[in-house]
Amino acid sequence: MDWQDHGTILSARPHGESSMIVELFTAGHGRHAGVVRGGASRKMAGILQPGNRVSAAWRARLEDHLGSYTLEPLQSRAVILSDRTALAGLNAVCALLRFTLPEREPHESLFASSERLFDALAEGGDWVPGYLRWELGLLEEMGYGLDLGSCAVTGSRDDLAYVSPRSGRAVSRAGAGEWAPKLLPLPLCLLGQGPASLTEIVQGLRLTGFFLGERMAPDLGDRPLPEARQRLVDLLARQG
């Protein structure tokens, strides 16, 4: 069994004396692991950094075996390592992809949006709104998407201010009524209304974090969300 693809390194961990087990998020084969022989060498250390884009050739005797990788560098994103906030973003993205995605299952749309985010992290600039959009897309891809188009109670598109923790649908102030304290705040930045402040983005991440942690995670084995995500949210909150 063998294939060739391209993707981004999510993690690399030691295997034996000189090898590494490397997880990639690939275009056509999803989250996929393999052994890189000699991966623990100094020569390979720079290539096997999470966030780097590589060309991969995978080979195994049988399809369900771990198999081995031959990797060639395509794009280094090592510049992320010099920016504390961007590094926290990279760690959060890689951790969430490893946490949520089934092994060896293609997710082409999510792969494309993840590659754009990885590039934005490497380029610097204001990538934080893109990260929030990426989390919304991750929820959508995994079947937990939020419906923020209209009020779940009245059908109105006006004055949307809350999200139902049960359905993930938006609720207007009028529709919320006395139930407002039990609903989740809906930041205006998720409705595309004006530029997003860092404070609003953090509010948005708390909203997506609820559905990631309280809705999706239990269905994946009731594991806690990766700590890397919370470290990013805490860092952004301190900067806001």
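# Loops, a small sheet and two cores

Aspartate 159 sits in the loop between α4 (128–141) and β6 (160–163). Those labels come from DSSP runs, numbered from the N terminus: a helix is a run of H or I with at least four residues, and a strand is a run of E with at least two. What you're looking at is a predicted model, in which local features need pLDDT of at least 70 and side-chain atom pairs count only at pLDDT 80 or more, while totals for chains, interfaces and linings use all residues. Residues are numbered from 1 along each chain as its sequence is written, and side-chain values use heavy atoms, with hydrogens and water left out.

**Two loop residues with positive phi**

Most residues other than glycine have a negative phi. Aspartate 159 goes the other way, with a positive phi near 55°. Arginine 104 does so too: it isn't a glycine, yet its phi is about 65°. To read the table, take buried as under 20% relative accessible area, exposed as over 50%, and partly exposed as in between (1.4 Å probe, protein chains only).

| Residue | Phi | Loop between | Relative accessible area |
|---|---|---|---|
| Arginine 104 | about 65° | α2 (84–100) and α3 (108–123) | 31%, partly exposed |
| Aspartate 159 | near 55° | α4 (128–141) and β6 (160–163) | 46%, partly exposed |

**The sheet**

Right after aspartate 159 comes β6 (160–163). In general, strands of a sheet pair through backbone hydrogen bonds, either parallel or antiparallel. Here an open sheet of 3 strands runs in the order β7-β6-β8, with antiparallel pairing. β7 (170–172) and β8 (184–185) are the edge strands, each pairing on one side only. DSSP must find at least two bridges before two strands count as paired, and β6 and β7 have 3. Which residue in β7 is the bridge partner of leucine 160? That's serine 172.

**The cores**

A nonpolar core is a set of buried Ala, Val, Leu, Ile, Met, Phe, Trp, Tyr and Cys residues joined through side-chain atoms within 4.5 Å. The largest one has 55 residues, and Leu97, Phe118, Leu121, Tyr131, Trp134, Leu186 and Leu207 touch the most other members. At least two residues come from each of α2, α3, α4, β6, β7, α6 (198–219) and α7 (227–239). α2 gives the largest share, 9 residues. Apart from this core lies another of 15 residues, including Trp3 and Val22.

Leucine 121 makes a handy close-up. If you skip its neighbours within four places in sequence, it is in contact (heavy atoms within 4.5 Å) with Ile80, Ala86, Gly89, Leu90 and Trp127.

**Helix α6**

α6 has 22 residues and spans 30 Å from first C-alpha to last. That's close to the expected 32 Å, which is 1.5 Å times one less than the number of residues. There's a kink of about 25° centred on leucine 212, where the bend is the angle between axes fitted to the seven residues ending there and the seven starting there. Its buried residues, among them Leu205, Leu207 and Phe211, pack against α2, α4, β6, β8 and α7. After α6 comes glycine 221, with a positive phi near 115°.

**The cysteines**

How many disulfides are there? The count is 0, where a disulfide means a pair of cysteine sulfur atoms within 2.5 Å. Take cysteine 151: the closest cysteine sulfur, in cysteine 189, is 19 Å from its own, so that's too far for a bond. Cysteine 151 is buried at 1% relative accessibility, and cysteine 94 is buried at 5%.
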